Amino acid sequence: MTIPVIDFSKLNGEERAKTMAEIANGCEEWGFFQLVNHGIPKELLERVKKVCSECYKQEREEKFKNSTPVVKLLNEIVEKKSGNKLENEDWEDVFTLVDDMNERTSETPGFKETMAEYRAELKKLGVKVMEVMDENLGLPKGSIKKVFDGEEGSAFFGTKVSHYPPCPNPELVNGLRAHTDAGGVVLLFQDDKVGGLQILKDGEWIDVQPLPNAIVINTGDQIEVLSNGRYKSVWHRVLATPDGNRRSIASFYNPSLKATISPAPQLVENLKKEMNQAYPKFVFGDYMSVYTEQKFLPKEPRFQVVRAM
Ligand SMILES: [Fe+2]
């Protein structure tokens with residue numbers, strides 16, 4: 001079983017209807033799908049891989065090995081030979097890029113410029129993907145983006161640059177613990193070769209197969225609410241691996257913290273009355289405060305907490 005691979009360029013040709021249906025299926029049945037021929041230049045993607053790997057080597061690898069708590073904690077567990085798994089840590093090196101370019105990120109030559117260029121392209125792709133979702137859900141074009149922008153017109157777009165270095169005891173720690181994503185649409189540029197990302201599908205963990213230069217799309221909790229449950233956010237995790245250093249660059253198209261999120265009225269009216277109350281109405285910033293505390297727990301209690309706020 002593999003997650004759907006969809007040719008995004010076919011959206012503009014004779015196979016448009018078929019491609020729209022494939023994306024609808026990806027959203028409804030999987031929560032994850034891979035886009036190929038998405039329009040991001042290959043040359044740019046190659047540069048992104050290069051600067052991110054160089055940044056890791058030059059600025060982060062030593063720090064990860066020598067001063068990251070997870071390395072120390074894993075060593076302690078191994079020495080104790082308790083057999084217990086390290087439950088509250090991830091074997092991950094990560095930092096986040098946001099629109100504020102003054103933010104200190106990396107001194108690696110070409111990093112800032114390349115990532116700014118990449119993020120601008122990915123942001124445009126994110127908008128296109130959301131417009132496809134609008135259409136598939138029967139909403140006016142731009143609806144999801146408008147909700148995410150909120151009153152002030154400022155949806156959040158962030159990019160997490162992660163590495164999952166080789167782990168000596170992958171059975172004792174996760175690369176990234178299982179969770180659903182809090183926000184809207186996630187656009188992931190994962191490693192060409194080193195896998196490890198898995199999604200939970202019908203009770204079974206299945207691999208998101210590495211596919212060079214594809215962009216993996218997945219939907220977060222806010223798309224689930226907006227779509228009134230038609231597009232479910234899906235549990236996923238990253239396994240630690242003994243060899244290979246997995247590179248993973250995930251960009252998040254999320255609501256503004258001030259945006260109000262609720263099921264789209266058009267989708268509620270069409271459903272039975274008892275279903276109408278399935279998802280709450282809340283301010284995204286409130287959801288994020290809950291999420292920060294409960295990221296690795298089921299999402300339903302988060303919805304309950306914000307409903308009561
Ligand atoms: Fe995630």
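This passage walks through the sheets, helices and core of a predicted model.

The seven-strand sheet is a good place to start. Its strands line up as β1-β2-β10-β7-β12-β5-β4, and the sheet is open with mixed pairing. The edge positions go to β1 (5-7) and β4; each has a single partner strand, so one side of each has no neighbour in the sheet. On average, and with direction ignored, neighbouring strands here are turned by 25° against each other. Helix α1 (residues 16-30) packs on this sheet, where it touches β1, β2 and β10, and its direction makes about 155° with that of β1. Helix α2 (residues 42-67) lies across β4, β5, β7 (185-190) and β12, and runs at about 110° to β12.

Some of the pairings in this sheet can be spelled out. Strand β2 (residues 32-36) and strand β10 (residues 215-219) run antiparallel and are joined by four bridges, with glutamine 34 partnered by valine 216 in β10. Over on the other side of the order, strand β5 (residues 156-164) pairs with strand β12 (residues 246-254) in the antiparallel sense over nine bridges. Here phenylalanine 157 has tyrosine 253 of β12 as its bridge partner. Strand β4 (residues 93-97) also pairs with β5 in the antiparallel sense, this time over five bridges, and aspartate 93 stands opposite histidine 163 in β5. As for burial, β5 has seven of its nine residues buried, so the strand is largely enclosed by the rest of the structure.

The five-strand sheet is open too, again with mixed pairing, and its order is β3-β6-β11-β8-β9. At its edges stand β3 (86-90) and β9 (204-207), each with a single partner strand, so one side of each is left without a neighbour in the sheet. The average turn between neighbouring strands, direction ignored, comes to 40°. Helix α3 (residues 69-80) packs on this sheet by touching β3 and β6, and its direction makes about 155° with that of β3.

Within this sheet, β11 (residues 236-239) runs antiparallel to β6 (residues 173-179), and three bridges join the two. Leucine 176 has valine 238 of β11 as its bridge partner. Strand β8 (residues 197-201) pairs with β11 as well, in the antiparallel sense and over three bridges; in that pairing glutamine 198 stands opposite arginine 237. Going on to β9, β8 pairs with it in the antiparallel sense over four bridges, and lysine 201 stands opposite glutamate 204. These two strands form a hairpin with two residues between them, and aspartate 202 in the turn takes a positive phi of about 50°.

So much for the sheets; next comes the core. The largest nonpolar core holds 74 residues, and those with the most contacts inside it are Val48, Val185, Leu187, Ile215 and Ile217. Helix α4 gives the most to this core, with nine residues. In soluble globular proteins, nonpolar side chains tend to be buried together. Valine 185 shows how the pieces meet: leaving aside residues up to four places away in sequence, it touches Gly126, Val129, Met130, Ile217, Thr219, Ile223 and Tyr253.

Helix α4 (residues 111-137) itself has 27 residues and spans 38 Å from first C-alpha to last, close to the 39 Å expected at 1.5 Å a residue. Its buried residues include Phe111, Met115, Tyr118, Leu122, Gly126, Val129 and Met130, and Arg119 is also buried. Just after the helix, glycine 138 takes a positive phi of about 80°.

Further along the chain, glutamine 294 belongs to helix α8 (residues 284-294). It has 15 C-beta neighbours inside 10 Å and therefore counts as partly exposed. Its contacts, again not counting residues up to four places away in sequence, are Pro301 and Arg302. The C-alpha atoms of glutamine 294 and histidine 179 are separated by 9.3 Å, although the two residues are 115 apart along the chain.

Finally, there is the annotation. An unreviewed UniProt entry lists residues 155-255 as "domain: Fe2OG dioxygenase". Over that stretch the chain is 6% helix and 49% strand, and the end C-alpha atoms are 5 Å apart.

Methods. Residues are numbered from 1 along each chain as its sequence is written. This is a predicted model: local features need pLDDT of at least 70, side-chain atom pairs count only at pLDDT 80 or more; totals for chains, interfaces and linings use all residues. The expected span of a helix is 1.5 Å times one less than its number of residues. A residue is buried if 20 or more other C-beta atoms lie within 10 Å of its own, exposed if 12 or fewer, and partly exposed in between; C-beta atoms are placed from the backbone. Two strands pair if DSSP finds at least two bridges between them. Axes are lines fitted to C-alpha atoms, for helices over the stretch in contact, and angles run from 0 to 180 degrees between N-to-C directions. Two residues are in contact if their C-beta atoms, placed from the backbone, lie within 7 Å. A nonpolar core is a set of buried Ala, Val, Leu, Ile, Met, Phe, Trp, Tyr and Cys residues joined through C-beta atoms within 7 Å. UniProt positions are given in the numbering used here, feature names are shortened, and annotations may be inferred rather than shown by experiment.
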